[in-house]
Amino acid sequence: MSKVTDNVNHFHKVAQSCLADHHRATNSLILLCVSKNHTTAAIQQAYLAGERHFGENRVQEAVEKMTSLANLSDIVWHYIGTIQRNKTHIIANRFAWVHSVTRLSEAKRFAAQRASQLPPLNVCIEINIDNEPQKSGITAEEALPLALAINTLPAIRLRGLMAIPHPQTQHGFAKMHVLFQQMCHAGIALDTLSMGMSADWQQAIAHGATIVRLGTAIFGQRNL
Ligand SMILES: *Cc1c(COP(=O)(O)O)cnc(C)c1O
């Protein structure tokens with residue numbers, strides 16, 4: 001077995017016990033394999049181990065991988081990077097999900113540019129939950145108005161919230177869970193809480209994460 005296969009299997013074993021500890025259903029979590037800076041061979045290994053969700057943060061790199069892996073047609077590609085205006089057309093049409101929406105203007109461009117024969121683009125709003133100046137994302141207070149506006153757009157399906165909470169505290173995950181529930185109570189139908197990375201995904205599961213985004217824990221160190 002390859003190291004990637006071992007990592008995938010180990011993840012699922014630990015994740016299942018973690019879900020059980022928190023009285024969560026066994027199928028209530030998606031592993032998003034963050035394959036940025038990793039090869040298509042590594043993606044193929046994770047695919048063979050059963051994974052279908054892959055995350056990339058650079059458009060050009062992602063499109064090259066999509067092209068060479070076109071035969072693996074059931075891969076679900078997630079865009080998790082910064083959204084540049086001149087890349088929205090490619091993102092809108094090559095990805096199934098975008099986790100990093102922070103502006104209505106971005107969502108409007110995706111809505112206008114998504115090809116009509118494709119299913120709606122799944123989007124998450126990125127929240128800077130610990131208000132860290134160097135991180136992207138909007139404040140918790142801005143989330144509801146942006147969600148309401150996005151919900152009026154065609155060709156877009158608002159799925160939930162994404163965050164990269166500060167690693168040294170659990171508060172960010174708890175705050176995200178509260179915000180998620182507040183928005184659901186306010187009538188926004190959300191089913192996705194995208195949070196937790198290689199170092200902290202178990203905490204994220206404890207606080208309701210439905211997608212954890214793992215790079216290093218699945219593929220090893222990135223070659224930068
Ligand atoms: C790189 C990245 C990850 C994965 O990070 P690891 O620590 O390697 O698991 C998750 N989310 C985002 C947004 C990323 O850019």
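1. A natural place to begin is the charged cluster in which Glu 56, Arg 58, Glu 61 and Lys 65 are linked in a network of salt bridges. The model is a predicted one, and the values in this note should be read with that in mind. Within the cluster, the side chains of Arg 58 and Glu 61 meet with a nitrogen-to-oxygen distance of 3.0 Å. The two partners differ in their surroundings, since Arg 58 is partly exposed at a relative accessible area of 42%, whereas Glu 61 is buried at 15%.

2. The structure as a whole holds eight salt bridges, and two others deserve a remark. Glu 132 pairs with Lys 135, the closest N and O atoms being 2.7 Å apart; here Glu 132 is buried, with a relative accessible area of 10%, and Lys 135 is partly exposed at 22%. Arg 103 and Glu 106 also form a salt bridge, at 3.6 Å from N to O, and Glu 106 counts as buried with 8% relative accessibility.

3. Strand 5, which spans residues 121-127, has seven of its seven residues buried, so the strand is largely enclosed by the rest of the structure. Both of its faces are covered, with Leu 121, Val 123, Ile 125 and Ile 127 buried on one side and Asn 122, Cys 124 and Glu 126 buried on the other.

4. On one pairing, strand 4 (residues 97-101) runs parallel to strand 5 and is joined to it by three bridges, with Val 98 having Val 123 as its bridge partner in strand 5. The chain passes from strand 4 through helix 5 (residues 104-113) to strand 5 in a β-α-β crossover that is right-handed.

5. Strand 5 also pairs with strand 6 (residues 156-163), again in a parallel arrangement, and seven bridges join the two; Leu 121 stands opposite Ile 156 of strand 6. Together with helix 6 (residues 140-150), strands 5 and 6 make a β-α-β unit that is right-handed.

6. The buried residues of helix 6 include Ala 143, Leu 146, Ala 147 and Ile 150. Viewed down the helix axis, the buried residues fall within an arc of 105 degrees, so they line one face of helix 6. The elements that cover these buried residues include strands 4, 5 and 6 as well as helix 5 and helix 7 (171-185).

7. Two backbone conformations merit a check. Most residues other than glycine have a negative phi. His 23, which is not a glycine, nevertheless has a positive phi of about 55 degrees; this residue lies in the loop between helix 1 (3-21) and strand 1 (30-34), and counts as exposed at 75% relative accessibility. Ala 155 likewise has a positive phi, near 65 degrees, but sits in the loop between helix 6 and strand 6, where Ala 155 counts as partly exposed at 29% relative accessibility.

8. On the cysteines, a search of the whole structure finds zero disulfides. For Cys 18, the nearest cysteine sulfur is that of Cys 33, 17 Å away, and Cys 18 is buried with a relative accessible area of 7%. For Cys 124, the nearest cysteine sulfur belongs to Cys 184, at 12 Å, and Cys 124 is buried with a relative accessible area of 0%.

How values were computed:
Residues are numbered from 1 along each chain as its sequence is written. This is a predicted model: local features need pLDDT of at least 70, side-chain atom pairs count only at pLDDT 80 or more; totals for chains, interfaces and linings use all residues. Side-chain values use heavy atoms; hydrogens and water are left out. Buried means under 20% relative accessible area, exposed over 50%, partly exposed in between (1.4 Å probe, protein chains only). Helices (H or I, at least four residues) and strands (E, at least two) are DSSP runs, numbered from the N terminus. Two strands pair if DSSP finds at least two bridges between them. A crossover is right-handed if, with the strands pointing away from the viewer, the path from the first strand over the helix to the second runs clockwise. The arc is that of the directions from the helix axis to the C-beta atoms. Contact means heavy atoms within 4.5 Å. A disulfide is a pair of cysteine sulfur atoms within 2.5 Å. A salt bridge is a side-chain nitrogen of Lys or Arg within 4 Å of a carboxyl oxygen of Asp or Glu.
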